[in-house]
2 protein chains.
Amino acid sequence: MNTRRNARNRRNQTTVAPVEMPGLDNHLCFALYAASNHMTRLFVPFLKKLGVTYPQYLVLVVLWERGARGVGDLASALQMDLGSLSPMLKRLEAKGLVTRRRQAEDERRVLVDLTPKGVSLRKRTEQMLGEFYCFLNIPLGELFELKDRLRHFVSSAGPKEAKAAPVKLPEPAF
Amino acid sequence: MNTRRNARNRRNQTTVAPVEMPGLDNHLCFALYAASNHMTRLFVPFLKKLGVTYPQYLVLVVLWERGARGVGDLASALQMDLGSLSPMLKRLEAKGLVTRRRQAEDERRVLVDLTPKGVSLRKRTEQMLGEFYCFLNIPLGELFELKDRLRHFVSSAGPKEAKAAPVKLPEPAF
DNA sequence: CGCATATATTTTGCACACAAAATGATAAGA
DNA sequence: TCTTATCATTTTGTGTGCAAAATATATGCG
């Protein structure tokens, strides 16, 4: 259309060609949004039997896997905002699943740990996960492949700087 | 361990084997959660230039693609809750991007339509999308493949009943 | 016509998600 | 030590996401 080869060399204006507006079904962002919400809707009824919410469950997974953590450690492991995490941990504490206490060595840090009740919830959760994967009704291989593609997307999308560390969990800090 | 072949034939208890608790990085649900939030964090700064939020943008995409819709039509197209959508549409109306009016034929329905300002936002959005895809820095093919896998996941995960209709947009209803 | 039932939308209440401001506590330097 | 910069966490405010209750309008039926 444009007689010039393309519109680049004009003033300091943007040099990126516009994109014909994609339909909803051609939006990766919508596919992510929909899939994430779909998973939530499927999973939450199972979590309800344990009495925890979806993000609360994720916190427990980290604590079960790695033991007590600082608030900031949990936030970075879960790629979760501290402003969301802080009140959430209070709710987990109110449910009697975790404790929060200032660390003696560094009073700035708050250490989150499982209570006996929080520890014992793990076995019930493992039972529930068996039921859930059965309910999902998707070959494990497919689940793993999708998971890996998502992880690759997260680690590669966006500005190339500071992409080396793929969200590693910090070592025990207590 | 268990001398019996497996624990199935005992009372009416669950017959599903428990799952060894997976680490955080082996959770598909976390991968979805993290990827969706990651996409949001990347995309929102671009949307901010247009003055809309992420879900608000999705509503506009549907309206640009298909024209005026009822509130319920939008909700099912976006797999979004009516309770979220209703106040959101008010905010879009407050921004002068859409109108909401009761339909004459069926006063129960509220029709949402683009204002001239809403229509004109489309061109600026197409420019922004060009910049965003450049910023994402991922081959288009990869994006499409991930998108299709996510769509397949949504359409196949969960109870097998009522999975035929893959979230189709309703035909014009006015 | 008048009422029970069904459909469409809004409201309410709780839990995030995130930005920005506020607190609390430690460390670094003059 | 006092001061200032830094770090960790919490608080505040707005916008969803979703369940459940409340409204509003339609439709069917006697």
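Which residues come nearest to DNA strand C? Hold that for one moment. A caution comes before the answer: this is a predicted model.

Now the answer. Around DNA strand C there are 25 residues, and G83(A), E107(A), G72(B), L82(B) and G83(B) come nearest. Both chains are on that list. Next, the elements behind that surface. Chain A gives two or more residues from α2 (54-66) and from α4. Chain B does so from α1 (28-48), α3 (71-77) and α4. The largest share comes from α4(A), with four residues. By class, the surface near strand C has six nonpolar, 10 polar and nine charged residues.

Turn to the other strand. DNA strand D is surrounded by 25 residues. The closest are G72(A), L82(A), G83(A), G83(B) and E107(B). Here chain A supplies at least two residues from each of α1 (28-48), α3 (71-77) and α4 (82-94). From chain B, α2 (54-66) and α4 (82-94) each do that. Which helix gives the largest share near strand D? That is α4(B), with five residues. The classes near strand D are seven nonpolar, 10 polar and eight charged.

Now leave the DNA and look at the two protein chains. How many residues does each chain bring to the contact? Chain A brings 55 residues, and chain B brings 55 residues. On the chain A side, four helices each supply at least two residues: α1, α2, α5 (116-136) and α6 (140-156). The largest share of that side is 14 residues, from α1(A). By class, the chain A side has 33 nonpolar, 13 polar and nine charged residues.

One helix pair in this contact deserves a slide of its own. Find α6(A) and α6(B), residues 140-156 in chain B. Their axes lie 11 Å apart, and they pack at an angle of about 140 degrees. Why call the pair oblique? An angle over 145 would count as roughly antiparallel, and 65 to 115 as roughly perpendicular. At about 140 degrees the pair falls in neither range, so α6(A) is oblique to α6(B). The crossing is left-handed.

Which residues meet there? From α6(A), take L146(A), R149(A) and F153(A). They meet L146(B), R149(B) and F153(B) of α6(B). By class, this helix contact has four nonpolar, no polar and two charged residues.

To close, two places to check on screen. For the strands, look at G83(A) and G83(B), which are among the residues nearest to strand C and among the closest to strand D. For the chains, look at where α6(A) and α6(B) cross.

Conventions:
Residues numbered from 1 in each chain as written. Chains lettered and ligands numbered in written order. Predicted model: local features only at pLDDT ≥ 70, side-chain atom pairs only at ≥ 80, totals over all residues. Near = placed C-beta within 6 Å. Nonpolar A, V, L, I, M, F, W, Y, C, P; charged D, E, K, R; others polar. Contact = placed C-beta atoms within 7 Å. Axes fitted to C-alpha atoms, helices over the stretch in contact; angles between N-to-C directions. Parallel < 35°, antiparallel > 145°, perpendicular 65-115°, else oblique. Left-handed = near helix turned anticlockwise from the far one by under 90°.
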